[in-house]
Amino acid sequence: MIETNITKMFGIKHPIFSAPMGPFYTRDLALAVCEAGGLGVLSNVNITGTDPVKEHKESIEYMIEHTDKPFGLNFLTSRNNRGVKEMVTDVPKMVMNNPKMREQCIYWLTSAGSSKILPASKNFQELREKSEVKHFHVAPAVWLAQKCVDANVDGIVATGGEGGGHQSYERVSTLVLLQQINKLFPDLPVIACGGFATGEGLAAALSLGAGAIAMGSRFIASKQSEFHEKYKALVPPGKPQDTDLFTGSFGPIRLYKNKYALEHPAPQTKEAMIAYEKSITPEQLLRDAGAYDRVYKGDTEEGAVLLGQSIGIIDSIDDVSDIVKRVIKEAEAAIKSNNSMIK
Ligand SMILES: Cc1cc2nc3c(=O)[nH]c(=O)nc-3n(C[C@H](O)[C@H](O)[C@H](O)COP(=O)(O)O)c2cc1C
């Protein structure tokens, strides 16, 4: 057993979280991670045509029906995102009014936008006062971690540039980011994210001041994840260099280098991104809008395949409980081995 500030904060057995992976469903994945002793996170689902608020509410209902374990949910707080205001008003209200939800739905993770939007919601304020819920925000750079601290978060998810999906322009590696954050905010609860798939990675994160890791790509390659079999099949043979940064609707995004990705540039700055966005034709906009829908249905060439460099250290598609057990066993062995070097 590995006990940390994060396992204690959330009352979980293992310091392993699943990373949110909107716009895709991660209900069965989150459930499997919770049952395996980690903390599963529901994604902010917004595949074209769905109602994100309704989807989140249904996902929460699904979770409390199938498990008694604690779990989390993600809110994309970019103003471009559909239904943000309703989401931060309606979802806390629903959770507040249901004792089982209030007890289990304890990890509220905002990302891809402001860390202030959720705490500004009166309904969330009430929930936070009357329950044990914690608010974390994803910080891909140290100046963003400072903004999170200013917004009075309970902790952050420090996500480095090797991670899959949406990224920041800073492109700081997880290794450097964790050390920066540890130095500046030594008492801040941190979940390390981006590039983790093994127990050695977990051991490294713990020695860099994190209290847990969150994994995305590793859990995509699991039997329980709701990703298309063709998507999963890209992971085990994948190499880190099969992914790169391209443009996405909220800035840079790490994608698998397929036909869709290679049609998009990778702007180095916000200014270059804005200039690129202005050049996009209505036809291309329409085509890009269908990229998630296409990949969800199995089109891994013309769809957006979000994956991290960690695919290079994932060898098989496994059961979630085996992944969790293996990561903990490897981490314990790595920590013991490191300890034996001290003379
Ligand atoms: C398919 C996919 C979708 C993602 N969608 C989201 C999202 O909706 N919200 C978010 O905060 N991060 C999102 N991310 C980023 C992950 O939460 C996490 O930071 C990333 O997967 C970590 O890198 P790893 O894949 O090496 O574990 C996504 C990543 C992937 C691979």
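How many residues does the largest nonpolar core have, and which of them have the most contacts inside it? Let's find out by clicking through the structure, keeping in mind that this is a predicted model.

**Stop 1: the core.** Select Val 41, Ile 156, Val 157, Ala 158, Ile 191, Ala 192 and Ile 213. These are the residues with the most contacts inside the largest nonpolar core, which has 104 residues. Now colour domain 1 (5-230 + 314-339) and domain 2 (236-296) separately: both give residues to this core, so it lies between them.

**Stop 2: one residue up close.** Stay with Val 157. Leaving aside residues up to four places away in sequence, Val 157 touches Leu 109, Phe 136, Val 138, Ala 139, Ile 191, Cys 193 and Ala 214. Keep Leu 109 and Phe 136 highlighted, as they come back at the next stop.

**Stop 3: strand E4.** Select residues 105-111, which make up strand E4. Is this strand mostly open to the outside or enclosed? Of its 7 residues, 7 are buried, so E4 is largely enclosed by the rest of the structure. Next, bring in its partners. E3 pairs with E4 in the parallel sense over 6 bridges, and Leu 73 stands opposite Trp 108 in E4. Strand E5 (residues 134-139) also pairs with E4 in the parallel sense, over 4 bridges. Here you meet two highlighted residues again: Leu 109 stands opposite Phe 136 in E5.

**Stop 4: around the ligand.** Show the ligand and the 29 residues that surround it. Which ones are closest? Look for Gly 22, Gly 163, Gly 165, Gly 216 and Gly 308. Strand E3 (71-76), strand E7 (165-166) and helix H10 (217-220) are the elements that give two or more residues to this shell. Colour the shell by class and you should get 12 nonpolar, 16 polar and 1 charged.

**Stop 5: the antiparallel sheet.** From E7, follow the open sheet of 3 strands, ordered E7-E11-E10 with antiparallel pairing. E7 and strand E10 (243-248) are the edge strands, each pairing on one side only. Strand E11 (residues 251-256) pairs with E10 over 6 bridges, in the antiparallel sense. Zoom in on Gly 248, whose bridge partner in E11 is Gly 251.

**Stop 6: where the domains meet.** Zoom out to see both domains, whose centres are 24 Å apart, taken over C-alpha atoms. At their contact, 20 residues of domain 1 meet 16 residues of domain 2. The domain 1 side that touches domain 2 has 8 nonpolar, 11 polar and 1 charged residues.

Definitions and conventions. Residues are numbered from 1 along each chain as its sequence is written. This is a predicted model: local features need pLDDT of at least 70, side-chain atom pairs count only at pLDDT 80 or more; totals for chains, interfaces and linings use all residues. A residue is near a molecule or strand if its C-beta atom, placed from the backbone, lies within 6 Å of it. Ala, Val, Leu, Ile, Met, Phe, Trp, Tyr, Cys and Pro count as nonpolar, Asp, Glu, Lys and Arg as charged, and the others, Gly among them, as polar. Domain bounds come from an automatic or database domain assignment. Two residues are in contact if their C-beta atoms, placed from the backbone, lie within 7 Å. A nonpolar core is a set of buried Ala, Val, Leu, Ile, Met, Phe, Trp, Tyr and Cys residues joined through C-beta atoms within 7 Å. A residue is buried if 20 or more other C-beta atoms lie within 10 Å of its own, exposed if 12 or fewer, and partly exposed in between; C-beta atoms are placed from the backbone. Two strands pair if DSSP finds at least two bridges between them.
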